[in-house]
Amino acid sequence: MSELPRRAAAILWKDILSETRTRQGFTAMLSFAALVLFMFSFAIGVDNDLLARLAGGLLWVAIVFTGTLSLGRTFQNEELAGGTHLLRLYPGDVRAIYLGKLAGNLVVLAALEIVLFPAAAILYGVDFAAQAGPLLLVAALGTFGFSVIGTFFSALTVHLRARELLLPLLLFPALVPVVLGSVGATEAFLAGDPLGRAGGWLRLLASYDVILFVVCLWIFPVVLEE
Amino acid sequence: MNKLAMLGWIAIALIAVGTVLGLAVLPADALQGEVQRLLYVHVPVAWVMMLAFFVVFLMSILYLVQRRLKWDLLAVSAAELGVLAAVLTLILGTLWGRPTWGIWWAWDPRVTTTALLVPIYTGYLVVRSMTEDPDRRARWAAVIGLIAFVQVPIVYLSVFWWRSLHQPPSSPQSMWSAYGLVMLLGFVAYTLAFAYLWLRRYRLAATELELELSGPEEG
C-alpha cells in the first residue's frame, strides 16, 4: 500500500519535468485565463460596482473554463505516444496513475489560481486579501473537487474523437455542486458572511469532494482496462 | 399476440383512459384552472424519467459485475427513454409554469436538475456512439451511468440550497381523491409504457449488436 503514493509521486514528477521543459501549455493557459477575465468585463461593461458584486462568480467561471482546457491535456502525452497501452505499462496498481495525474492537475490549477486571484482582485476591484484565509480554504476545496472529477473524465474521454467537446459535456454537469459551493462560499466570505451561509457551502463542497474522490478512485481501474 | 405486444396495448389503453379522465371527466382545478390537467402527464412522465435513470444505474452495476453485454444494451435502452422523458418533463413543465408561476423558466432545484440530466445522459449516449468496440463502449458507458447516479442527488441538493420555488410534491391528503386516482392511473400507465418501449428498444439493440458482431463491416 505504501507503494501507491510513491508510484503516484513518480508519475507527478514525470509530468512536472516534461511540462517545465517546454512550458508552452502553461503560458498559453495563463493568457487564455486573462482573456476570459477581460471578456467578462467587455460583456458586462465598466460598471465597477456590478463587477465587484459578480467577482466571485466570474472568477470561478474563468477557473472552470481555463481548467477544462488544461484537464483535457492530462493524458495527452501518453495518448499521443501510444494510448492506454503505454499507461498500463506503468508498474503497480493503476490507481497510482489516477492519483499522480490528479496531483499534477492540482499543481497546475494552483499555479493558475495564484495568478488569477490577484488578477481578478485588480480588474474587478475586490479585496480578496482581507479574507485570504477563508478564501484559501474555498479555493483548495473547489480546486480539489474540480480536479477529482476532471482527471477522471479526462481519462474516460481521451480516446474519443471529439474529446474537446465531450470532456466539458460530461464535466460541467458534474461540476455544478463545486461551482455553486465555491461561488457561494467566495461571495459569502467577501461580504463578511453576514448570513452565516459560508459554512454550509464549505460542508457541501467537502462532502462532494470526498464522495466523488472515493467513487472515482474505486472505479478508475475499469476506465483503463483493455 | 405475444406478451410484449400485449403489454404495449395495455399501456396504450390505460394512457387513453387516463387522458379522457384527466381532460374531460374531472373538473378543472379550483386554483390552477385548466392548466392543472397537464400535471396528469407531467408528473408520471417525470416519474418515468427517474425510473429510467435508476434502471441505467442498476444495469451499469450489473454490467460491471458480470461483464455481459446484455446489461449494457438494457442500460442504453433505458438511457434513451430517460432523455426523452426528461425533455418531455421539461416541455410540459414550462407550459405549466408560465401560467402558474408567471415565468417560463424558474431556477428551481427540480427544474434545474432535470435540465442538467439531459446533457449528462446525452453525454452518455454520445460517448457510446463514438466508441466502436462493444466491450469498451459498454465499460465506459457503465462508468458514466454509475457516476451520474452518484452526482445527481448532490447536484439536486446544491441547487436546492441555491434557490427554491417549486411547489412541494402533492401528497394524497393535499389532492382531492379523484385527482389522486387519475394521477395513480397515470403512474401505472406510463410505467407500463416505459416497460414496453424499454424491452422493444432492447430487442432492437440486441439485433443491432448481433449484426455488428457477425462478420466484417461492409464499406
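1. The second largest pocket of this predicted model has a lining of 27 residues, and those nearest its centre are A:Val176, A:Val179, A:Leu180, A:Val183 and B:Trp162. The space that lies in this pocket comes to about 710 Å³.

2. Both chains contribute helices to the lining of the second largest pocket: α3 (48-71) and α8 (163-190) of chain A, together with α4 (109-129) and α5 (134-162) of chain B, each supply at least two residues. The helix that gives the most is α8(A), with nine residues. By residue class, the lining divides into 20 nonpolar, three polar and four charged residues.

3. On confidence, the predictor assigns the complex an ipTM of 0.86 and a pTM of 0.88. Chain B has an average pLDDT of 87, and 90% of the residues score at least 70. When reading the pocket, please keep in mind that α5(B), which supplies at least two residues of its lining, has the lowest mean pLDDT among the elements of chain B, at 89, whereas α2(B) has the highest, at 94.

4. Over all chains, the structure holds 15 aromatic pairs. One of them joins A:Phe152 and A:Phe153 in an edge-to-face arrangement, with 5.8 Å centre to centre and 70° between the planes. A:Phe152 has a relative accessible area of 0% and A:Phe153 one of 3%, and because buried means under 20%, both residues count as buried.

5. A second pair worth inspecting is that of B:Phe54 and B:Phe57, whose ring centres are 6.2 Å apart; their planes stand at 35°, so this pair is classed as tilted rather than stacked, a term kept for planes under 30 degrees apart. Both residues belong to helix α2 (residues 39-66) of chain B, where they are three residues apart, about one turn of the helix. Their surroundings should be described separately: B:Phe54 is partly exposed, with a relative accessible area of 36%, whereas B:Phe57, with a relative accessible area of 18%, is buried.

6. Two further aromatic features of chain B deserve a line in the description. B:Phe53, B:Tyr121 and B:Tyr124 are linked into a cluster by ring pairs. At B:Trp71, the ring has the charged end of B:Lys70 sitting over it, 4.6 Å from the ring centre.

Notes. Residues numbered from 1 in each chain as written. Chains lettered and ligands numbered in written order. Predicted model: local features only at pLDDT ≥ 70, side-chain atom pairs only at ≥ 80, totals over all residues. Heavy atoms only, no water. Phe/Tyr/Trp six-rings, centres within 6.5 Å; stacked < 30°, edge-to-face > 60°. Buried < 20%, exposed > 50% of the residue type's maximum accessible area, 1.4 Å probe, protein only. Helix = DSSP H or I, 4+ residues; strand = E, 2+ residues; numbered from the N terminus. Lys NZ or Arg CZ within 6 Å of the ring centre and 35° of its normal. 1 Å grid on protein atoms, 1.4 Å probe; cavity = no way out; pocket = protein on both sides within 12 Å on 5 of 7 lines; lining within 4 Å. Points joined across faces, edges and corners; volume = space filled by probe spheres on them. Nonpolar A, V, L, I, M, F, W, Y, C, P; charged D, E, K, R; others polar. pLDDT = per-residue confidence, 0-100.
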